[in-house]
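Open your viewer, get both the sequence and the 3D view on screen, and follow along stop by stop.

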Amino acid sequence: MSRERKVFETDVLIVGSGGAGSRAAIEMSRKGLKPLITTKGRFTRCGATVTADMDIDLPSQDAKEMFGLDGDVADTPEAFAQDMFIEGKYMNDEDVVLAHCHNAAKYIKELVDWGMRIDDFVQEPGHRYPRGIVSTGRSMMEALKRGTRGCKIEWCEDTMVTNLLTRDGRVVGAIGINLRTSEFVVFKAKAVILATGGAARLYPVTTAPEELTGDGMFMAYQAGAELVDMEFPLFLPACLYWPESMKGVDFPYIFSSSLGGWWLNRFGVRFMEKWDPVRMEMGTTRDVASIAMAMEALQGRGGPHGGIYASLKHIPNEILEYSAEQMPWWRNFVYGKFNLIEFNMDPRKVAYEVGPAAHYWNGGIRINSKGETKVPGLYAAGEVQGGTMGANRLSGNAVTECLVFGALAGGNAANYAKSAPLPEIDQSQVDKFYEEVYEPLNRKDGSDAYEMRSKMQDIACKYVGPIRQESGLNACIEEIEKMKKDDLPNLATKSKAKVYNREWVAALENRAMLQVLEIIARASLMRKESRGAMYRQDYTGTDNKDWLKNIIVRNEGGQVSLEARPVVTTIIMLPKREKIPYMIPTWKFEKRA
Amino acid sequence: MTEKKVIRLQIYRSLSQDEEDEAKQGEYKEYEMPYIDQMTIMNALDYVHQNYDRSFTYYKSCRIGKCIGCFVEVDGKNKLACTTLAKDGMKIGPAAKRKVIRDLFIEEAPR
C-alpha cells in the first residue's frame, strides 16, 4: 500500500510540546531561527507539564530577592546542588546539576513575567530551605503559551515522530506519521531536540498522560546516544489505586504532606513507624515511602487492589474544612475537575486505597550541561534527560528541569544549527523506516497491541516496580525476550482506519516501551544494591564501596550494552566508600512552621 | 455492590473511517457495557474502543481532568469525558461548536 509522504525542512526539529519543548522553541525563536515542533497531542492539551500539581524549585535566596517570598538568603545554588546530590544518592551529574541550580531563578522569573501564578511558597522534604513556588501545571503551560506569542514557530500537532534519521554518525532529521491522515512525514533538520518526557506509562498505575511511552529514549538509543540511570524510575507514593476512573490521581499524596494524612495498612497500623520513624508521612521522601507501601502490600498487609490506605479521617472535620480551604493544593485539586463528593471520595468520610504510581523518569538520555548528547545534532531536554536527578528527585525539580534545559538545549541547538551544513538524508534509511512504520496497519492478523501493552504493564509492575530481586528480574527478561520474538514483530491492528487510528499509535509506542522495559530490567540486574528509587530485596544495603557508579546504556549492534562508570565530582563531596543500610536520612529535617 | 450492572450509552460515530467527517453526517450508535463503580465517560469510551470497535476514536491524554482535551457533548452540554460520571442512557457526541474530524475527535479551537 503506497502512502502519501510529506517532507519538511527545518533548522531544528523539537519533538514534544510540554514544558521543555515549548521553552526550547521560544529560545530558538529568540536566536532568530524558526523551529518546527511536533507533538502527539495538542499544545497545552497533552504532556506531563500541564498535569503537574506543582511546586517549582529555585534557590531560596532568589525566591526572596526576586519575588519577595519568605526565602532564606543563606541558600545558594551550590547548597541546592548539594541537596540534589543527597536526594539523588550521588548518582547525579555535577555539571548538569550546577547548570540546573544556577539557571533556575532566571528562567522561573520569565515564567512569572509571562503570567504564571504564585499561589504559595513551601519547603518540601529533602530541601534544607524553602525552595518551592506553588502553582499549577496549567498556569505554567499558559505562561509558556504567552511566551510563544510573537515567536516564529511551525507547529505540527497530531504528529508522532517514530525514528531519528542519522548519517555518518550525526542526526539529520526524523520520520513520523501525521495521525489525522496516516501520512508519512520526513523531517530534514540540522538538529533535533527530544523533549518527549518519560516512560511512566509502562506501569499500570501512573500519574502520566497517555503519550509518555518512552519514545524519545527509544529513538535516542537507536540513534547511538547513551542512556543513564534507567534503573531508577520514580514512583509517587499514595496515588489512588481505586476507583478505576481515578487510578494514578495524586491528591492523597499531597494531602499527606500538607494536611498530616496517615498511611495505614489493612491492620490500621501507621507502617511508616517502621520505615521512616523520624520523618513519618509528612516528612518522608518519595523513594522511602514508595518502597514502604510496596513492601506492605507485597507482604500481605495491603488492600483489595494492591495498595494501602491513605486517610484524613483522624482529623476533625472543622480542621479539614478550614485548613483545606486555605490550601492552594486543595483548591487547585477540588476546584479542578473531579467532584470528590459526587465520586464518593469525600475525605471526611472515606479512606483511599493508594500506592506507588510511576510518576517521573529520574534517568534518561545522557546529556551534558548544554543539553548535548554524544550524537552530533542530537539534544535532549526535560524529563527525557538523565543525570539531573540521579537515583531520586526532589519535589518541585521536574518542572524547573524542563524549563532550564528547554532553554539551554534550545539555545545551544540554535547555535549549532547556525553553523551546521544542510543535512543529507539517507534515502535507504527513510525507506526502511517507511516499511516498519506501516507494518501493524498492513498486517492482516497478528498480535494485539493492547494485549501486549497489558502484558508489559503486568511484568513492569511485578518485576521492576519499587521492589526488585534477581529471580524476578530474570523472569522479566525472559518474558521480554518472548515478546520480542512473538508479539513485537507480529503486531497487527484490528482497525485499518486512516483518520486518527489510536490502535496504530499504541502498536508503535509498544516498540519503545518494550525496549525501555528491557533496559530497566538489565540495568537493575547489574546493580547489586539498593539506592534511591530502586530497592532490591536481595541486596538491601546501599553499597558506596562498589556501586558509586552510574550504569551507562548503549545500543551495540541491537544488543543492550551496559557499562558501570564511577561517579566523578569536583565540588560535591562524595560519601565514604562503605556499605550502609538503605535509607538513613543523613540529616534531620525540620519543617519550618 | 455485587450485582452485575450494565449501562447503555449512545455514542456518535462518523460514517467513514478514512475521511474526515466535515459535515457531521454520522449517527448515534448504542453500546452496552458492564458498569463499574465511579465509572466515567472516558472509561466507557475506552471500553468501546478496546472491546467493540478499534476504529472508534477520541482524544485522550491526562485522563484526570488536567489537560482539558477530552471535551464531549453530553446531553446537550460540553463536559470533560474523564471527570464526568457515566450514567445509563447518556447521549455522547463530539464537543459542540467544534469541527468534527472523526467520531468524538474534534479540531481544537484556534489558540
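Which element gives the largest share of the lining of the largest pocket? Select α1(B): seven residues of that lining come from this helix. Keep in mind as you look around that this is a predicted model.

**First stop: the largest pocket**

Stay with α1 of chain B and add its companions. The elements giving two or more residues to the pocket lining are α15 (449-463) and α17 of chain A, along with β2 (27-34) and α1 of chain B. To centre the view, pick R201(A), E210(A), D46(B), Q50(B) and K60(B), which lie nearest the middle of the pocket among its 40 lining residues. The volume here is about 1200 Å³. Colour the lining by residue class and you should get 17 nonpolar, 10 polar and 13 charged residues.

**Second stop: where chain A meets chain B**

Now select the residues in contact between the two chains: 45 from chain A and 39 from chain B. About 3600 Å² is buried between them, with carbon and sulfur atoms giving 51% of that area. For a close-up, zoom in on R180(A) and E20(B), a salt bridge whose closest N and O atoms are 3.0 Å apart. The count of salt bridges between these chains is seven, and 27 residue pairs, both members at pLDDT 80 or more, are in polar contact across the interface. On the chain A side, highlight α5 (137-148) and α17 (502-526), the elements that give two or more residues to the surface touching chain B. That side of chain A is made up of 14 nonpolar, 10 polar and 21 charged residues.

**Third stop: an enclosed space in chain B**

The whole structure has six cavities of 30 Å³ or more. Go to the second largest, which holds about 70 Å³ of space. Select Y59(B), G69(B), C70(B), F71(B) and L104(B) to find its centre; these lie nearest to it among 14 lining residues. Show α1 (41-52), β3 (71-74) and β7 (105-106) of chain B too, since each of these elements gives two or more residues to the lining. What is the make-up of this lining in nonpolar, polar and charged residues? It divides into 11 nonpolar, one polar and two charged.

**Last stop: a link within chain A**

Over all chains, the structure holds 62 salt bridges. Finish with one of them: K190(A) and D11(A), whose side chains meet at 3.4 Å, N to O. K190(A) sits in strand β9 (residues 183-194) and D11(A) in strand β1 (residues 5-15), so the pair ties together parts of chain A that are 179 residues apart in sequence.

Key
Residues are numbered from 1 along each chain as its sequence is written. Chains are lettered from A and ligands numbered from 1 in the order in which they are written. Side-chain values use heavy atoms; hydrogens and water are left out. Contact means heavy atoms within 4.5 Å. Buried area is the accessible area (1.4 Å probe) that two parts lose on being put together, summed over both. A salt bridge is a side-chain nitrogen of Lys or Arg within 4 Å of a carboxyl oxygen of Asp or Glu. A polar contact is a pair of N or O atoms within 3.5 Å; within protein, one must be able to donate a hydrogen and the other to accept it, and residues adjacent in sequence count only if both atoms are side-chain atoms. Helices (H or I, at least four residues) and strands (E, at least two) are DSSP runs, numbered from the N terminus. Ala, Val, Leu, Ile, Met, Phe, Trp, Tyr, Cys and Pro count as nonpolar, Asp, Glu, Lys and Arg as charged, and the others, Gly among them, as polar. On a 1 Å grid over the protein atoms alone, a cavity is a set of points where a 1.4 Å probe fits but cannot get out, and a pocket is an open set with protein on both sides within 12 Å along at least five of seven lines; lining residues have an atom within 4 Å of a point. Grid points are joined across faces, edges and corners, and a volume is the space filled by probe spheres set on the points.
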